[in-house]
Amino acid sequence: MKYALVSADSHMDMSWLPGNLFTDNVPDAIRQKMPRVVDSPNGPIWKTEEKVLGVYGGLGFGFSKPRMGKSRQIDKMYEAGYYKGPPHAINKEARLTDMAMEGIDAEILYGMTSAGNRIDDKQVLAHTYRIYNDWVSNWCKASPGKWFGLACIPVQDPEEGANELTRGSELGLRGADIFVSSTVKPIYMRDGFWDPIWKASADTHMPISFHIGGGGIQVPGPNPESGDPPKSVHAKINPTQNELGYIGTHLPLEQLAGSEWLVSIIMSGACDRYPEFQFVLGECGAGWIPFVIERMDLKYNDAYLDQKFSPPLSLKPSEYWYRQGATTFQNDPTVGHFADYIGENNLMWGSDYPHPDGVWPGARAVIKSTMGNLPEKALKKITCDNAVRLYKM
Ligand SMILES: [Zn+2]
């Protein structure tokens, strides 16, 4: 299929999925613990195990109720009709209409890995990911060429993660997503702890994505009057000034979590051990990359790691970025200035639909204002060809 514009970062969030998806197809013994939609006085809500997650049809990865006035982008989504009619995320006709509005021909679909932060029972989580991977693969197959799903893989046990990744590849999924904030050990482990996953990724040519979410900026303490736990800051209707300070700090810095993952995966030696392995920093932005890879080279050498690592990296650390890495971004004006330096082959634009950090509606205008100065060939690589190549679309 011929593509002109591809979103390398779009989403299929858990909160929009059919409410009985996870309770069918599981052993009786576990059914009552699985994520499910139940009625409440305020409308349908998601529960898992005995916990309430939040509303059906929530914002972004989460389960807080969408509402006007929370951000200008959310207001634009309301005005463009996203919250009207059938659930656009899973309704093919509505979703295609939304894509066509911005001229987006196809999407890479990130799934519901953030469930890893919400579901405590490992068995429940493994079943949840398995069921999602089956469901999204069928969903994509029914509309060839439009959607390409990434497998959600559990990260409590590398062997189990590798098996699910391989199974995802057999289902026709095109990559795998790891939710780093729920991993049991850091990505930079050099003892081979994570190797089963990197090896399975290399063997199946399924790139591993590290998508932002759940990263740690210190949160204000619980509100002494309401006793609200700090995690609810984003969902609050009337945040305090301190909580607004948290939101103002968290939102611009969230994407920089990718800098840790970029350096970690290179320092782990995985890129040397598995030269076919490819990684993607999902929604991590781009402008910070030249600084970080230069700094990585400098410190690798300065701290004698080139002599102390056993075996040493065979390339300069930054060279692995250009050989095996990629990042996605939505609205990053630095790309228009430094695409060459960051890596024309390593940049993939994404709309982040239907998330409020995204650029739907308004994608075309953002592409023009941030990258309109780039040579046509470079722009086409970044907004289409790199994703088509990486995901074998
Ligand atoms: Zn995203």
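**Exercise 1. State how many bridges pair strand 7 with strand 8, and in which sense.**

Solution. Strand 7 (residues 175-178) and strand 8 (residues 208-211) pair over 3 bridges, in the parallel sense. Strands here are DSSP runs (E, at least two residues), and helices are likewise DSSP runs (H or I, at least four residues), numbered from the N terminus. Two strands count as paired if DSSP finds at least two bridges between them. Within this pair, aspartate 177 lies opposite serine 209 of strand 8.

The model is predicted: local features need pLDDT of at least 70, side-chain atom pairs count only at pLDDT 80 or more, and totals for chains, interfaces and linings use all residues. Residues are numbered from 1 along each chain as its sequence is written.

**Exercise 2. Determine the strand order of the open sheet and name its edge strands.**

Solution. The open sheet has 8 strands in the order 1-5-6-7-8-9-10-11, with parallel pairing. Its edges are strand 1 and strand 11 (347-349), each of which pairs on one side only. On average, neighbouring strands are turned by 30° against each other, direction ignored.

**Exercise 3. Establish whether strand 5 is enclosed or open, and identify its partners.**

Solution. Begin with burial: a residue is buried if 20 or more other C-beta atoms, placed from the backbone, lie within 10 Å of its own, exposed if 12 or fewer do, and partly exposed in between. Since 5 of the 5 residues of strand 5 (residues 106-110) are buried, the strand is largely enclosed by the rest of the structure. Ala106, Ile108 and Tyr110 cover one side, while Glu107 and Leu109 are on the other.

Next, consider the partners. Strand 1 (residues 6-11) runs parallel to strand 5 and is joined to it by 4 bridges; here valine 6 stands opposite alanine 106. Strand 6 (residues 147-152), also parallel to strand 5, is joined to it by 3 bridges, with glutamate 107 opposite tryptophan 147.

**Exercise 4. Describe the packing of helix 10 against helix 12.**

Solution. Helix 10 (residues 289-302) and helix 12 (residues 317-324) pack at an angle of about 140°, their axes 7 Å apart. The axes are lines fitted to C-alpha atoms over the stretch in contact, and angles run from 0 to 180 degrees between N-to-C directions. Ile293, Glu294, Met296, Asp297 and Tyr300 of helix 10 meet Pro317, Ser318 and Trp321 of helix 12, contact being C-beta atoms, placed from the backbone, within 7 Å.

**Exercise 5. Locate valine 233 and classify its exposure.**

Solution. Valine 233 is in the loop between strand 8 and helix 7 (241-253). Because valine 233 has 19 C-beta neighbours inside 10 Å, it counts as partly exposed.

Note on methods:
Two residues are in contact if their C-beta atoms, placed from the backbone, lie within 7 Å.
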